[in-house]
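User: Please take a close look at one helix in this model and describe how it sits in the chain. Then go on from there to whatever surrounds the account, in plain terms.

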Amino acid sequence: MNNCRLLPLQAPRLGKTIDELLAQGGRMQMAYAWFPEPDGSPELRYIATVPGQREFSAWQVTPGNAAVPSLAGKSPLLGWYEREMMELSGLDFSGHPQPERLVTADMPSLEPPPLRPNGNVPPHAHRALKAPTLPQVSGKHVQLLPFGPIRADVLESAQFIFYYIGEGILHYQPNLFLKHRGMEKQFESQDAMGGVIVAERVSGVGSVAHALAFAQAVEDAAGCEAPPRARWIRVVAAELERIYNHLHYLGHLCHTTTLKVGEAEGKLLEERAKQMNARACGSRFLRSVICPGGVRREMDMLAVAEGLDALRGEFDRYISLIERTTSHVDRLISTAPLSQQLAFDQGGSGPIERASGIDRDLRRDHPYAAYGELKPIVATHSGGDAFARMKVRIAELRASVDLLDRAMQHGVDDRALVAPCEPPPYGEGVGWAESPRGTVLYAVHFDGSARIVRAKIKSASYSNWNAFQFTANDSNMMDYAINEASFGLTIAGCAR
């Protein structure tokens, strides 16, 4: 692997190693288990980033049947990943602060765990993992509201449980994993070209980011590099995806503050941006463009240029109106603040972390495609509230238009679109992309026939839902919809 530095570790060394990582300003990104041996012995991988280092870092731990010390107390964002491994891979983490089921919260414990390759399961671990419980809350005026999983409007299935008094939320508990699509399982036995089709369908509005992160993981395993022309096309597709997502975000945020004209105009601009995508590549969601080794086809850059010229003035007019509408802005300022420390600890990603003052963007800090040459401007804000999250996305929308202008002016003599990309037997790789919602990270492992034996996905919404719940507690019911909309979350991106 070229994208990741692999460090073998003994399980007892994990605590000291993560202390060293955090001391130098590093951050954990995800953790997962896979089973490289026929006897079903697990191997754990912890993926982290280090400031000033383009490559990610990976810790390789082989625990056998012994329990692994939980790192959730030192890096809270790992809490959900450890719970996943306990219930889906049959592992045991000692000292976990919340030993409850996460993905299968509404189901009986699965026997055997679905990501374990055979029935050789240790007698401890997930069998002792209990279902989530609600806290005991009592009082004359305390009310309990189970909201969902069927909700009004065109919304994905999720259940939210509220304890509240009047309008004040005392306790908020989400259940986000009701679909059980098993997307990571869907990758198993796929070849590289089949895998990218699955990746595009993990989250429809993140099709480019997921396909790009997956393709770059395969390229890392195969030791190949996309041709120059393909790298620029990848940038164009990724920024077009960012534009329509941020327009939808602005329109939906207006919906929650009852600014109906702002909602209608934002979603109309989103629709026109999607029509531009369709003219440029045949897909409103920019699917079937990216593949391992490069891209499948050219994009019609004239259609993109003409579409942007037609929309550029409309973007500016729309944003100016939103920012001057006091009835909208007043509902956002000071609503649901997320502190910088909470954003870091709980894994806030993308516009969420940047709105809380964390200056981090994969396009700049871990450049891929042609971003190393473009050097994108990264917008941040120190407010951490719903208003700050809107302002960051507005700045990113404008920056994406600028990036597209520069990308389409860059000429490449070599017209090759794809390079040979055959992962070797037992190869493995890591790839990433900065989606409109934040970090998308893929780790892939191949078997002796160069078929995928394990694919692990870190999606931005999975991280941001984890951070979001800390802003819902001690807020109020009237602001809940605004808060959720300000995070720009998706269920599909979380319930992988």
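Analyst:
**Helix H16 and beyond**

Helix H16 covers residues 477–487, and eight of its 11 residues are buried, so the helix is largely enclosed by the rest of the structure. The model is a predicted one. The buried residues of H16 are Asp479, Tyr480, Ile482, Asn483, Glu484, Ala485, Ser486 and Phe487. The N-terminal end of H16 is capped by Asn476, which places a side-chain oxygen 3.1 Å from the backbone nitrogen of Met478. Just after the helix comes Gly488, with a positive phi of about 60 degrees.

Two of the buried residues in H16, Tyr480 and Phe487, also belong to a cluster of rings. Ring pairs join them with Phe160, Phe162, Tyr172, Trp465 and Phe468. The model has 21 aromatic pairs. One of them is Tyr172 with Phe468, an edge-to-face pair with centres 5.8 Å apart and planes at 85 degrees. This pair connects distant parts of the chain: Tyr172 is in strand S9 (residues 168–175) and Phe468 in helix H15 (residues 460–472), 296 residues apart. Both rings are covered. Tyr172 has a relative accessible area of 2% and is buried, and Phe468 is buried with a value of 0%. Phe468 also forms an edge-to-face pair with Trp465, at 5.5 Å centre to centre and 85 degrees between the planes. Trp465 and Phe468 are three residues apart in H15, so about one helical turn separates them. An α-helix has 3.6 residues a turn, so residues three or four places apart point the same way. Trp465 counts as buried too, at 1% relative accessibility.

Rings elsewhere have a charged neighbour. Arg496 lies over the face of Tyr462, 4.2 Å from the ring centre, and Arg393 lies over the face of Tyr249 at 4.0 Å from the ring centre.

Earlier in the chain than H16 come three strands joined by hairpins. Strand S12 (residues 428–435) pairs with S13 in the antiparallel sense over eight bridges, and two residues lie between these strands in their hairpin. S13 then pairs with strand S14 (residues 452–458), again antiparallel, over six bridges. The S13–S14 hairpin has five residues between its strands, and Ala450 in the turn has a positive phi of about 60 degrees. S13 (residues 438–446) is mostly covered, with nine of its nine residues buried. Within S13, Tyr442 stands opposite Gly431, and its bridge partner in S14 is Ile457.

Gly431 also leads to another helix. Gln216, in helix H5 (residues 207–222), touches Gly431, and its other contacts are Asn3, Arg234, Tyr368, Ala369, Val430 and Trp432, leaving aside residues up to four places away in sequence. Gln216 is buried, with a relative accessible area of 8%.

The contact with Asn3 points to the start of the chain, where an open sheet of four strands has the order S1-S4-S3-S2 and mixed pairing. Its edge strands are S1 (4–9) and S2 (27–34), each pairing on one side only. Neighbouring strands are turned against each other by 20 degrees on average, direction ignored. S1 and S4 (residues 56–61) run parallel over six bridges; among the bridge partners in S4 are Phe56 for Cys4 and Gln60 for Pro8. S3 and S4 run antiparallel and are joined by five bridges, with Leu44 bridged to Val61. Their hairpin has six residues between the strands, and Gly52 in the turn takes a positive phi of about 80 degrees.

S4 is largely enclosed by the rest of the structure, because six of its six residues are buried. In a regular strand the side chains alternate between the two faces of the sheet. In S4, Phe56, Ala58 and Gln60 point one way and Ser57, Trp59 and Val61 the other, and all are buried. Helix H1 (residues 14–23) lies across S1, S2, S3 (43–49) and S4, at about 170 degrees to S4. Helix H2 (residues 78–88) also packs on the sheet, touching S2 and S3, with its direction at about 5 degrees to that of S2.

Key:
Residues numbered from 1 in each chain as written. Predicted model: local features only at pLDDT ≥ 70, side-chain atom pairs only at ≥ 80, totals over all residues. Heavy atoms only, no water. Pairing = 2+ DSSP bridges. Axes fitted to C-alpha atoms, helices over the stretch in contact; angles between N-to-C directions. Contact = heavy atoms within 4.5 Å. Buried < 20%, exposed > 50% of the residue type's maximum accessible area, 1.4 Å probe, protein only. Polar contact = N/O pair within 3.5 Å; in protein donor to acceptor, adjacent residues only side chain to side chain. Phe/Tyr/Trp six-rings, centres within 6.5 Å; stacked < 30°, edge-to-face > 60°. Lys NZ or Arg CZ within 6 Å of the ring centre and 35° of its normal.
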